[in-house]
Amino acid sequence: MQPQETGVTLARWLRAQRARTEELFASGRFPLLAEAHETAPDLDELFEYSLARHLDGVATLVGERVPKAT
């Protein structure tokens, strides 16, 4: 259920999700997911990193298509 469907504030909903996520990771049932979560716990940081890698790829493609000056 999403916050807008329950009347719960976004901050409270996020806290609840974070608590549940920590419980699942602590259980040891999802070791790879827990490891990935530890490397990028901040979604803004993950987005910025992913966007930078995406733009690196675009820059490479554009660079390959630009004719070299002779």
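Here are some friendly notes on the structure above, which is a predicted model.

1. **Overall layout.** Start by tracing the chain from one end to the other. Its secondary structure consists of four helices and zero strands. Following the sequence, you will meet these elements in the pattern α-α-α-α.

2. **Inside and outside.** How much of the chain is buried? Of the 70 residues in the chain, buried ones make up 6%. The accessible surface of the chain is about 6,400 Å². Carbon and sulfur atoms account for 60% of that surface.

3. **The length of helix α2.** This helix covers residues 10-26, which is 17 residues. Here is a small check you can follow yourself: at 1.5 Å a residue, helix α2 should span 24 Å. The C-alpha atoms at its two ends are 24 Å apart, so the expected span and the model agree. Just after α2 comes G28, a residue with a positive phi of about 80°.

4. **A salt bridge in helix α2.** How many salt bridges are there? The count is two, and one of them joins R20 to E23. The closest N and O atoms of this pair are 3.3 Å apart. Both R20 and E23 belong to helix α2, where they sit three residues apart, or about one turn of the helix. Are these two residues buried, exposed or partly exposed? R20 has a relative accessibility of 44%, so this residue counts as partly exposed. E23 is also partly exposed, because its relative accessibility is 49%. To place these values, remember that buried means under 20% and exposed means over 50%, so both percentages fall in between.

5. **A salt bridge in helix α4.** Now move along to R53 and D56, whose side chains meet in a salt bridge with an N to O distance of 2.9 Å. R53 and D56 are three residues apart in helix α4, so about one helical turn separates them. R53 has a relative accessible area of 39%, which means that it is partly exposed. D56, with a relative accessible area of 41%, is partly exposed as well.

6. **A nonpolar patch.** Which residues make the nonpolar surface patch of about 300 Å²? They are F47, L51 and L55. To find L55, look in helix α4, which runs over residues 43-65. L55 counts as partly exposed because its relative accessibility is 46%.

7. **A patch of negative charge.** On the surface, D42, D44, E45 and E48 gather in a patch of negative charge. One of these residues, E48, is found in helix α4. Is E48 buried or exposed? Its relative accessibility is 55%, so E48 counts as exposed.

8. **A look at helix α3.** Helix α3 covers residues 31-39, and E38 is one of the residues in this helix. E38 has a relative accessible area of 64%, so this residue is exposed. You can also compare sequence and space here: E38 and F25 are 13 residues apart along the chain. Their C-alpha atoms are separated by 10.0 Å.

9. **Points to take away.** As you turn the model, keep the four helices in mind. Then look for the two salt bridges, with R20 and E23 in helix α2 and R53 and D56 in helix α4. Finally, find the nonpolar patch of F47, L51 and L55, and the negative patch that includes E48.

Definitions and conventions:
Residues numbered from 1 in each chain as written. Heavy atoms only, no water. Buried < 20%, exposed > 50% of the residue type's maximum accessible area, 1.4 Å probe, protein only. Areas by Shrake-Rupley, 256 points an atom, 1.4 Å probe, with all protein chains shown as cover. Expected span 1.5 Å × (residues − 1). Patch = residues over 30% accessible without salt bridge, like charges linked within 9 Å, V, L, I, M, F, W, Y side chains within 5 Å. Salt bridge = Lys/Arg side-chain N within 4 Å of Asp/Glu carboxyl O. Lys, Arg positive; Asp, Glu negative; His and termini not counted. Charge placed at Lys NZ, Arg CZ, Asp CG, Glu CD.
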